Amino acid sequence: MVKAVTVYEYIMERLREEGALHFTLIDPDPSKINADIAEDMAKSAEDSGSAAIMIGGSIGVCEKFLDDIIDAIKRVVKIPVILFPGNISGISRKADAIFFMSLLNSEDLYFVIGAQVLGAPIVKMYGLEVIPMGYIIVEPGEAAGFIGRARPIPINHPEIASAFALAAQYLGMKFVYLERGSGAREAIPAEFVRRVTKVVDIPVIVGGGIRDGKTAKELVKAGASIIVTGTVVEESKDKLKEIVNGIKEGGLFKRGVRW
Ligand code: 1GP
């Protein structure tokens, strides 16, 4: 039974109980969605067993629209809504928490610390719960990699990602996120994820290009704690259920781990 008072505690308690979780990403791009579509996506996510909704995107995000979308989502689901901002326009007072994230392998200081400095007073003013997270982009990186001016980690060099992830842990970040990019043709390989999760003690989030339950299960068995999917909720509820079930099966191997 989950008794958490903060979103962070809620996530950690569910991780201890279930081993691994699924989060659904909704991209608040006004050219793609409106409040009705966001409601449907959020309902599908909660019905399918997602533990949280993440809201964020690389382009076209504005606060007013974000507020409306989050209001709509919160009318229909109980799971927490966590901001996943690509820039300061991705901050909304309506969310339950914010992944306060740094794109660690960006070549542009703006995405490493600049946007965070500009956003911090806004986050404080809104009283948002802050969840510090290290964000690492793996090739190809898709729109997030391009907009964030990342130097994406080569897929055949997981040891570089491990070093970044360990640095994130040592800097005090609560999660590390390995991102292949929304819409990537393939997910990050399980062996790559295993090389990172073996090194760090904080939960590892994996996203980008995950389209089926088997892949999700393999990633969890490789040590991923949270699997994020975005595109699937836009396409098929059945696939989303399959992914969540894959995570549940994989999570059985991980229950009670460390945290
Ligand atoms: C983006 O990794 C997520 O941060 C989602 O990717 O849209 O490919 O599921 P997909």
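The questions and answers below concern a predicted model and go through its barrel, its ligand site and some of its residues.

Q: What makes S4 and S5 count as paired strands?
A: Two strands pair if at least two bridges are found between them, and strand S4 (residues 97-103) and strand S5 (residues 129-137) are joined in the parallel sense over 7 bridges, so the pair meets the criterion. Within this pairing, methionine 101 has methionine 133 of S5 opposite. The two strands belong to a closed barrel of 8 strands, which runs S1-S2-S3-S4-S5-S6-S7-S8 with parallel pairing. On average, neighbouring strands of this sheet are turned by 30 degrees against each other, with direction ignored. Helix H6 (residues 158-170) packs on the sheet, where it touches S5 and strand S6 (175-179), and the direction of H6 makes about 160 degrees with that of S5.

Q: How do you know that S6 pairs with S5, and also with strand S7?
A: The requirement is at least two bridges; S5 and S6 pair in the parallel sense over 5 bridges, while 4 bridges join S6 to strand S7 (residues 204-207), again running parallel, so both pairings satisfy the requirement. Leucine 178 of S6 takes part on either side, as isoleucine 136 stands opposite leucine 178, and the bridge partner of leucine 178 in S7 is valine 206.

Q: Why is S6 called mostly covered?
A: A residue is buried when its relative accessible area is under 20%, and 5 of the 5 residues of S6 are buried. Phe175, Tyr177 and Glu179 point one way from the strand, whereas Val176 and Leu178 point the other way, and all are buried.

Q: Why is glycine 119 called buried?
A: Glycine 119 has a relative accessibility of 2%, and the limit for a buried residue is under 20%, so glycine 119 counts as buried. The residue sits in helix H4 (residues 109-126). Leaving aside neighbours within four places in sequence, glycine 119 is in contact with Ile88 and Ile91. The C-alpha atoms of glycine 119 and isoleucine 88 are separated by 5.5 Å, although the two residues are 31 residues apart along the chain.

Q: Why does serine 106 count as buried?
A: The relative accessible area of serine 106 is 11%, and since buried means under 20%, serine 106 falls in that class. Serine 106 lies in the loop between S4 and H4, and, not counting residues up to four places away in sequence, touches Phe111, Val112, Gly148, Arg149 and Ala150.

Q: What makes the approach of serine 106 to glycine 148 a polar contact by distance?
A: A polar atom of the serine 106 side chain lies 2.6 Å from the backbone oxygen of glycine 148, and the limit for such a pair is within 3.5 Å, so the distance condition is met.

Q: How do you know that glutamate 179 makes a polar contact with the ligand?
A: An N or O atom in the side chain of glutamate 179 is 2.3 Å from an oxygen atom of the ligand, and N or O atoms within 3.5 Å form a polar contact, so this pair qualifies. A polar side-chain atom of serine 182 lies 2.6 Å from an oxygen atom of the ligand, and a polar backbone atom of glycine 209 is 2.8 Å from an oxygen atom of the ligand. Taken alone, the ligand exposes 310 Å², of which the protein buries 98%.

Q: Which residues are closest to the ligand, and how many surround it?
A: The ligand is surrounded by 13 residues, and the closest are Glu179, Ser182, Gly208, Gly230 and Thr231.

Terms used
Residues are numbered from 1 along each chain as its sequence is written. This is a predicted model: local features need pLDDT of at least 70, side-chain atom pairs count only at pLDDT 80 or more; totals for chains, interfaces and linings use all residues. Side-chain values use heavy atoms; hydrogens and water are left out. Axes are lines fitted to C-alpha atoms, for helices over the stretch in contact, and angles run from 0 to 180 degrees between N-to-C directions. Contact means heavy atoms within 4.5 Å. A residue is near a molecule or strand if one of its heavy atoms lies within 4 Å of it. A polar contact is a pair of N or O atoms within 3.5 Å; within protein, one must be able to donate a hydrogen and the other to accept it, and residues adjacent in sequence count only if both atoms are side-chain atoms. Accessible areas come from the Shrake-Rupley method with a 1.4 Å probe; for residues, only the protein chains shown count as cover. Buried means under 20% relative accessible area, exposed over 50%, partly exposed in between (1.4 Å probe, protein chains only).
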